[in-house]
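This report covers the nonpolar cores, one buried strand residue and one surface patch of a protein model. Overall figures come at the end.

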Amino acid sequence: MLKNLSFRSRLLLSFWGVIFLALLLPSIYYRQTLSRDIEADTRSNAIHQLNLAFWLFYQQKPFQTATSLQEWCKTLGEHLGTRITYVAEDGKVIADSRVSFSRVPAMDNHANRPEIIQAYKEDLGTSTRYSTTLGKHLIYSARRTNGHGAIPSGVIRVAVPFSEVKRRLDNLSKNFLLTIVITLLATFFLSYILVRQLEIPIRRMIRAAQAVGSGDYRERIRRYPGKEFLPLAQAINQMAESHLVKRVPPFVGGKRAEVKSTPKFFFFDNGLCNLLFGGFASASQRADYGALTENLILTELCKHKYFT
């Protein structure tokens, strides 16, 4: 498919592809790295608040009822700006700072929550997920307790909001994407102009080569896109100056047939022709005797200006 495209199109597509990858890959990497770092900091903050709540839990006088535990969770949760939940060993929720005490018994059993399971195995558990109760993403951290007063053994859990952090990351991703789009558009415009400027001297070289091929040796290449094109420009100029080759269209019926037919090429220097194709054997031993004779006749016609 690329073979059917022009040199300019292939050059532009290659350049744009490199620019796109150069902008996209670092953006994805930094977004993922930043996301991991922010989530790790939020998780660390949740663990810090959990340890504080755990310490304050045992600094309180032994709780006599679940109601007193509910009031303690609500008060501490308001001061810390977090959700505090106490879950018994059987998974039943006893108190929750963000749920009224009358609705606590109707809450789902928390025994299968990842942070609860991990807390019983390792004393400390964490997880990140969407809370259907509060309708937002939270980072949970939980720690096993031995109970206090009338409160049975279980797990005290702290939930820190992650939705705001996630929203900021999403906004940051949108800004990254917008920056990439603007940069790509500016790059597309500038690269298109540069390639167009590069194409002008290349087209001049093509016209000069076509002129030499058709027998017009007046054309010369004086400007070229870069030093890489210098040998080609010099070769075409030398060919024009030395008149090495003559292109002759076939003499067939009608101009249309002449255009469609294959032209013939003749060397002005028979010695060079012999060197390249036939060597210097005698005429009787030459397989191209007829072509060599045609070449000689055309050379003489051009020399006496009977054929131009």
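A nonpolar core is a set of buried Ala, Val, Leu, Ile, Met, Phe, Trp, Tyr and Cys residues joined through side-chain atoms within 4.5 Å. Buried means under 20% relative accessible area, exposed over 50%, and partly exposed in between (1.4 Å probe, protein chains only). The model is predicted: local features need pLDDT of at least 70, side-chain atom pairs count only at pLDDT 80 or more, and totals for chains, interfaces and linings use all residues. Residues are numbered from 1 along each chain as its sequence is written, and side-chain values use heavy atoms, with hydrogens and water left out.

The largest nonpolar core has 21 residues, of which Phe57, Leu69, Trp72, Tyr86 and Ile156 touch the most other members. Two or more residues each come from α1, α2 (66–80), β1 (83–88), β2 (93–96) and β5 (154–161). The most comes from α1, with five residues. Helices (H or I, at least four residues) and strands (E, at least two) are DSSP runs numbered from the N terminus. Another core, of nine residues, lies apart from this one and includes Val93, Met107, Ile116 and Val155.

Contact means heavy atoms within 4.5 Å. Leaving aside neighbours within four places in sequence, Ile156 is in contact with twelve residues listed here in part, among them Leu50, Phe57, Trp72, Tyr86 and Thr145. With the same neighbours left aside, the contacts of Thr145 include Phe54, Tyr58, Tyr86, Gly154 and Ile156. The side chains of Thr145 and Tyr86 are also joined by a polar contact of 2.8 Å; such a contact is a pair of N or O atoms within 3.5 Å, where within protein one must be able to donate a hydrogen and the other to accept it, and residues adjacent in sequence count only if both atoms are side-chain atoms.

Thr145 and Leu25 compare as follows.

| Residue | Element | Relative accessible area | Class |
|---|---|---|---|
| Thr145 | strand β4 (residues 136–145) | 2% | buried |
| Leu25 | helix α1 (residues 7–59) | 52% | exposed |

Leu25 joins Phe20, Leu21 and Ile28 in a nonpolar surface patch of about 360 Å². Patches are made of residues with over 30% relative accessible area and no salt bridge, with like charges joined within 9 Å and nonpolar side chains (Val, Leu, Ile, Met, Phe, Trp, Tyr) within 5 Å. A salt bridge is a side-chain nitrogen of Lys or Arg within 4 Å of a carboxyl oxygen of Asp or Glu.

Overall, the protein has eight helices and seven strands, and buried residues make up 31% of its 308 residues.

Methods
Areas by Shrake-Rupley, 256 points an atom, 1.4 Å probe, with all protein chains shown as cover.
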